[in-house]
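User: Please take me through the fold and the aromatic contacts of the structure shown below, giving the cut-offs behind each term.

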Amino acid sequence: MMRALILLLLLVAAPALAQIEPPAAPPETRNCLQLMQIRSNTVVDGQTIDFRLRDGSVWRNRLPRACPTLGFNQAFSYSTSIPQLCNVDIIRVIVQGNPGIIGASCGLGKFERLPPRPTKAKAGAKG
């Protein structure tokens with residue numbers, strides 16, 4: 001009777017166990033991005049900025065701490081002495097509506113590559 005119960009449990013659990021995927025590889029990270037490669041940036045929130053590069057890749061920077069008013073103002077500046085933006089650099093929030101007023105200064109974190117977005121199938125394409 002016990003063998004039959006164990007066999008039944010294995011048969012029931014087998015499909016669920018077969019669907020378990022191996023853990024995803026950790027995302028690629030960088031300490032710096034080349035300034036000439038940065039096409040644009042998007043402030044996601046007060047602690048996250050996405051940088052889009054010329055090759056289409058997107059690199060997320062999660063600041064070690066929330067940066068006051070960054071999420072609200074959605075703008076920042078930086079100054080570097082080398083042609084790279086690095087995790088040791090400081091950004092300064094630009095206060096919208098008050099030209100010349102600089103807000104909080106905040107340190108960057110490491111850059112993490114985001115997975116590419118799935119491409120949409122072209123209309124009328126057959127596959």
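**Fold and aromatic contacts**

Analyst: The secondary structure of the protein chain amounts to two helices and 10 strands, where helices (H or I, at least four residues) and strands (E, at least two) are DSSP runs numbered from the N terminus. This is a predicted model, in which local features need pLDDT of at least 70 and side-chain atom pairs count only at pLDDT 80 or more, while totals for chains, interfaces and linings use all residues. Residues are numbered from 1 along each chain as its sequence is written, and side-chain values use heavy atoms, with hydrogens and water left out.

User: What is the order of the strands in the open sheet of five strands?

Analyst: Two strands are taken to pair if DSSP finds at least two bridges between them. S4 and S5 pair in the antiparallel sense over five bridges, and Ile 49 stands opposite Asn 61 in S5. Strand S1 (29-30) and strand S3 (38-45) stand at the edges with a single partner strand each, so one side of each is left without a neighbour in the sheet. With antiparallel pairing, the open sheet has the order S1-S10-S5-S4-S3.

User: Why does the pair of Phe 51 and Phe 111 count as edge-to-face or stacked?

Analyst: Rings of Phe, Tyr and Trp (its six-membered ring) pair if their centres lie within 6.5 Å, and planes under 30 degrees apart count as stacked, over 60 as edge-to-face and the rest as tilted. The search of the whole structure finds three aromatic pairs. For Phe 51 and Phe 111 the ring centres are 5.6 Å apart and the planes stand at 70 degrees, so the pair is edge-to-face.

User: Is Tyr 78 buried or partly exposed?

Analyst: Buried means under 20% relative accessible area, exposed over 50% and partly exposed in between (1.4 Å probe, protein chains only). Phe 76 is buried, with a relative accessible area of 11%. Tyr 78, at 32% relative accessibility, counts as partly exposed.

User: Which residues, leaving aside neighbours within four places in sequence, is Pro 64 in contact with?

Analyst: Pro 64 lies in the loop between strand S5 (58-62) and helix H2 (70-73). Contact means heavy atoms within 4.5 Å, and, leaving aside its neighbours within four places in sequence, Pro 64 is in contact with Gln 47, Gly 107, Leu 108 and Gly 109.
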